[in-house]
Amino acid sequence: MADERSFQAEAMRTGKRIVAKAQTFWEEQGMPLVARLQKNPNYKQYCGVVAACTFIVWYLFAHDILYVISLLAELLRTFGIGLLVLRVVKKTQSVQGLSLKTQQLYAVVFLTRLLFKLAYEQDYIYAVVELVAAGLTGYLVYLMRFHPHYAPSFSAESDTFKDVWILGPCAVLGLVLHPNVTQSYIINVLWAFSTYLEAVALLPQLFVFHSASRTVDNMTSLWIVSLFLSRLLECVFWFLALFFRGYARIWSSIVWYVICTEVVHTLLLFDFVWNFYRCYRQGMSMLLPSAWGLGGRETLFGSGSGLARDE
């Protein structure tokens with residue numbers, strides 16, 4: 001009896017410590033972030049849309065948690081692409097700072113993924129989301145390549161990453177490592193190819209960021225934040241599916257390289273999102289690490305702006 005009372009007392013003390021730490025974290029980190037969101041309409045609207053999407057998807061499909069997570073991941077990614085289109089046609093009237101090669105790679109990803117979803121999953125909600133993502137990405141490619149107003153603002157000199165070094169290895173990996181979840185060899189290869197390609201399709205864009213602009217506007221940053229959140233949800237999906245829903249027994253041949261692909265993709269995005277968070281906390285626009293202290297210049301984080309001064 002005494003042991004039970006001692007255990008309960010210790011549990012209460014532990015609970016109080018956890019609550020105190022959570023309260024401290026909220027006061028020191030959460031409240032300042034909320035205050036900034038209220039001052040910045042872009043971030044406030046973004047959080048509102050994400051919250052609304054989460055609520056709607058949960059309300060409609062709460063009976064299947066894996067479906068909720070996967071569909072929400074797809075919606076967030078597509079929403080991010082929509083933000084990028086709005087940035088180009090409404091905010092900046094320019095495609096400066098964007099990588100045509102990344103958009104073309106994503107177009108390939110969405111089209112091949114769409115074929116898989118139609119052939120195997122036969123889920124038309126997923127198919128519509130992928131179709132919208134492919135359409136928006138194709139529209140961006142058209143603007144960057146052919147539109148008389150937007151195409152001149154595209155800087156081909158900055159977009160020099162060799163996309164053949166992405167397509168080639170992904171195609172080879174797709175041929176060698178692919179699941180056998182359908183009766184079609186081609187569809188199986190397309191699924192694997194699109195998964196590998198999506199993990200590294202952002203590399204040309206990151207190369208443009210670091211080699212050319214070194215600063216990223218808010219809406220472009222939110223596009224990548226959306227991709228990151230989408231990847232996090234996909235990681236959660238695979239974790240639950242493999243370890244709690246028995247997918248490891250069903251798709252045992254694809255477990256390890258699916259996880260590796262998701263981890264690589266998430267880490268590539270995490271580096272950008274972490275720097276975005278650091279700049280956001282300082283109340284400044286996104287500034288990449290390659291621009292900090294570049295050429296004997298020092299960023300004045302304490303000023304709350306992106307100003308820099310010579311040493």
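## A tour of packed helices and buried salt bridges

Begin by selecting helix α3 (residues 65-92) together with helix α5 (residues 124-145): their axes come within 10 Å of each other and cross at roughly 20°. Because of that angle, α3 is roughly parallel to α5. The crossing of α3 past α5 is left-handed. Colour the residues of this contact by type, and 17 appear as nonpolar, four as polar and three as charged. Please note throughout that the model on display is predicted.

Keep α3 selected and replace α5 with helix α9 (residues 218-243). Here the packing angle is about 170°, and the axes lie 8 Å apart. The two helices, α3 and α9, are therefore roughly antiparallel to each other. Their contact is made up of 20 nonpolar, six polar and six charged residues.

Next, turn to the charged side chains. Side chains of opposite charge can pair when their charged atoms come close. The structure contains seven salt bridges, and the following stops visit some of them.

Select Arg77 and Glu130 and show their side chains, which form a salt bridge with an N to O distance of 2.8 Å. Arg77 belongs to helix α3 and Glu130 to helix α5, so this pair ties together parts that are 53 residues apart in sequence. Both Glu130 and Arg77 are buried.

Move on to Arg231 and display Glu198 beside it; a salt bridge joins their side chains at 3.5 Å, N to O. Since Glu198 is located in helix α7 (residues 185-200) and Arg231 in helix α9, the pair links parts that are 33 residues apart in sequence. Glu198 and Arg231 are both buried.

Leave Arg231 on screen and add Glu262, which is found in helix α11 (residues 255-281). The closest N and O atoms of the salt bridge between Glu262 and Arg231 are 2.9 Å apart. With Glu262 in α11 and Arg231 in α9, this pair therefore ties together parts that are 31 residues apart in sequence.

Is Glu262 buried or exposed? Its relative accessible area is 8%, which is under the 20% cut-off, so Glu262 is buried. To see its surroundings, select Arg231, Glu234, Cys235 and Trp238, all of which Glu262 touches, leaving aside residues up to four places away in sequence.

For the final view, select Glu74, Arg77, Arg113, Lys117, Glu130, Glu198, Arg231 and Glu262 together. Salt bridges with shared partners join these residues into one network.

Terms used. Residues are numbered from 1 along each chain as its sequence is written. This is a predicted model: local features need pLDDT of at least 70, side-chain atom pairs count only at pLDDT 80 or more; totals for chains, interfaces and linings use all residues. Side-chain values use heavy atoms; hydrogens and water are left out. Axes are lines fitted to C-alpha atoms, for helices over the stretch in contact, and angles run from 0 to 180 degrees between N-to-C directions. Helices (H or I, at least four residues) and strands (E, at least two) are DSSP runs, numbered from the N terminus. Angles under 35 degrees count as roughly parallel, over 145 as roughly antiparallel, 65 to 115 as roughly perpendicular and the rest as oblique. Ala, Val, Leu, Ile, Met, Phe, Trp, Tyr, Cys and Pro count as nonpolar, Asp, Glu, Lys and Arg as charged, and the others, Gly among them, as polar. A crossing is left-handed if the near helix is turned anticlockwise from the far one by less than a right angle, and right-handed if clockwise. Buried means under 20% relative accessible area, exposed over 50%, partly exposed in between (1.4 Å probe, protein chains only). Contact means heavy atoms within 4.5 Å. A salt bridge is a side-chain nitrogen of Lys or Arg within 4 Å of a carboxyl oxygen of Asp or Glu.
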